[in-house]
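Please work through the following exercises with the structure at hand. Each task is followed by a solution in steps.

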Amino acid sequence: MNAVIPVPTQIPPAHSGSRIALRSSKTLGWQGFGAELVNVSAGLHRIPALKHHRVGVHVGGPVRAHCLCNEKPHSRIQAHGDADVIPAGL
């Protein structure tokens, strides 16, 4: 499910959520690829642009997501299995 909902007019400036890595491939010696299972709490998260591409897959119950990427706002219900592809530099 990927229902579009109205975009908020302003995203609050404070960082209020936590991100905890539950599992990671960092110690496995992989080259050119990595994976993490991350518990993301409710709240605002700022994720800086990175030098590599990212794919995020939502695991869990539906949540309302408001995103600002490359100065373009997006808002939707993010459901189990939904994927986001974030190009390097965004």
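**Exercise 1: Surroundings of Asp84**

At 12% relative accessibility, Arg76 counts as buried, where buried means under 20% relative accessible area, exposed over 50%, and partly exposed in between (1.4 Å probe, protein chains only). The model is predicted: local features need pLDDT of at least 70, side-chain atom pairs count only at pLDDT 80 or more, and totals for chains, interfaces and linings use all residues. Residues are numbered from 1 along each chain as its sequence is written, and side-chain values use heavy atoms, with hydrogens and water left out.

Task: determine with which residue Arg76 forms a salt bridge, a side-chain nitrogen of Lys or Arg within 4 Å of a carboxyl oxygen of Asp or Glu.

Solution.
1. The partner of Arg76 is Asp84, with the closest N and O atoms 2.6 Å apart.
2. Asp84 is partly exposed, its relative accessible area being 25%.
3. Gln78 touches Asp84 as well, and its contacts also include His58 and Pro62, not counting residues up to four places away in sequence; contact means heavy atoms within 4.5 Å.
4. Gln78 is buried, at 12% relative accessibility.

**Exercise 2: The salt bridge of Lys26**

Task: state how many salt bridges a search of the whole structure finds, and describe the one formed by Lys26.

Solution.
1. The search of the whole structure finds two salt bridges.
2. Lys26 pairs with Glu36, and their closest N and O atoms are 3.7 Å apart.
3. Lys26 is exposed, at 67% relative accessibility.
4. Glu36 is partly exposed, with a relative accessible area of 45%.
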